[in-house]
Amino acid sequence: MELETAAASAEAPYIEFQHVGFSYSNGIKALHDLSFTVKEGESLAVLGANGSGKSTLVRLIDALISPDEGDVFVRGLNTREEKNRFAIRSVIGMVFQNPEDQSVASVVIDDIAFGPENLGLEPAEIRSRAEKALSQVGMISRENDEVAMLSGGQQQLVAIAGALAMEPRVLVLDEATSMLDPQGRAQVNRLISSCHERGMTIVNATHSADEALQADRLIVLSHGELVCEGTPAEVLSDPAMVRAWGIEPSFAADLAGRLRQRGLQVGLTAEEGTLEADLLNLLSDAATGSVDR
Ligand code: ADP
Ligand code: MG
């Protein structure tokens, strides 16, 4: 199968944007000459202010739109070609901003079964995938509840379970926590981390610097252009720069910067391995709502 052939080139990036430009029919140029890659198993944050082009980038990954200039490849398959679209969408699980927009059935388990049903799987396999996905998001006890009765955070966990039931290799999230309260945000962020720990590739589009801090690597979009790329520590450590992109600086990164100015050797991420990094991770969790304050 074509998909397997593409996957065989081990070092090939899982997702690749090559000099991508995209304009909407009203003439607004949403993306300019955008090039970046995502490796298998990597967690990438796409950080940008409102209108910077994040949702456009996400739609290009899922082949919902095609670039005007350049190319987008998923597992080596060009999203431009109609014949590749099923294979591309079958490895990508999408989660959008508003959980209500993603819900298709009134009862939780039916909502999650909808995707696997469309894959044409056997009923027993559908049931087993739906239950497994619900367990993964910690919502198995709510399988017979009405989706509408759940909190926003719980509805978003159900939406993610719906994506996981498709057994995607890549989870793509577009502002998936921005409608949620701090507790819901924390639930969803923990779930994203656990998907990543299990080897899933993550692309998380967000306007939150604190959330971007959780990724392995991030790219920053400003007015449709890639303006910065690197590890969270590299990209987020200068609050003035972050503000210039229209983003509220990360609380943890800001604090690390201030402590450094006072001569304290502090790291920002766990990889930097300092004692202070643990403290900063804790502060970052507090800022993103991942721990109770
Ligand atoms: P973000 O998700 O970062 O807020 P978008 O990708 O939605 O950014 O938008 C990028 C630019 O494209 C903005 O200027 C926005 O107004 C414009 N845009 C987005 N969607 C459409 C659309 N369907 N039609 C016309 N313009 C759009
Ligand atoms: Mg958007």
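A residue is called buried when its relative accessible area is under 20%. The close-up views below show a predicted model, and the term is applied to one of its strands in the first legend.

**View 1. Strand E7 is a mostly covered strand of the predicted model.** Strand E7 comprises residues 170-174, and five of its five residues are buried. The side chains fall into two sets: Val170, Val172 and Asp174 point one way from E7, whereas Leu171 and Leu173 point the other way. Residues of both sets are buried.

**View 2. Strand E7 pairs with strand E6 and with strand E8.** Strand E6, formed by residues 92-95, runs parallel to E7, and the two are joined over four bridges. Within this pairing, Gly93 has Leu171 of E7 as its bridge partner. The pairing of E7 with strand E8 (residues 201-206) is also parallel and extends over five bridges. Here Leu173 is matched with Asn204 in E8. Between E7 and E8 the chain passes through helix H8 (residues 182-197), and the resulting β-α-β crossover is right-handed.

**View 3. A shell of 13 residues surrounds ligand 1.** The residues that come nearest are Gly51, Gly53, Lys54, Ser55 and Thr56. Sorted by class, the shell contains four nonpolar, seven polar and two charged residues. Which helix gives the most to this shell? Helix H2, which spans residues 54-61, does so with four residues.

**View 4. Oxygen atoms of ligand 1 lie close to polar atoms of Asn50, Ser52 and Lys54.** In Asn50, a side-chain N or O atom is 3.3 Å from an oxygen atom of the ligand. Ser52 takes part through its backbone, with an N or O atom 3.2 Å from a ligand oxygen. For Lys54, the distance between a polar side-chain atom and an oxygen atom of ligand 1 is 2.8 Å. On its own, ligand 1 has 560 Å² of accessible area, of which the protein covers 67%.

**View 5. His19 and Asp33 have positive phi values.** Which strand holds His19? This residue belongs to strand E1, which is made up of residues 15-23. The phi angle of His19 is near 50°, a positive value in a residue that is not glycine. Asp33 is located in strand E2, residues 29-38. Its phi is about 40°, again positive although Asp33 is not a glycine.

Methods:
Residues are numbered from 1 along each chain as its sequence is written. Chains are lettered from A and ligands numbered from 1 in the order in which they are written. This is a predicted model: local features need pLDDT of at least 70, side-chain atom pairs count only at pLDDT 80 or more; totals for chains, interfaces and linings use all residues. Side-chain values use heavy atoms; hydrogens and water are left out. A residue is near a molecule or strand if one of its heavy atoms lies within 4 Å of it. A polar contact is a pair of N or O atoms within 3.5 Å; within protein, one must be able to donate a hydrogen and the other to accept it, and residues adjacent in sequence count only if both atoms are side-chain atoms. Accessible areas come from the Shrake-Rupley method with a 1.4 Å probe; for residues, only the protein chains shown count as cover. Ala, Val, Leu, Ile, Met, Phe, Trp, Tyr, Cys and Pro count as nonpolar, Asp, Glu, Lys and Arg as charged, and the others, Gly among them, as polar. Buried means under 20% relative accessible area, exposed over 50%, partly exposed in between (1.4 Å probe, protein chains only). Two strands pair if DSSP finds at least two bridges between them. A crossover is right-handed if, with the strands pointing away from the viewer, the path from the first strand over the helix to the second runs clockwise.
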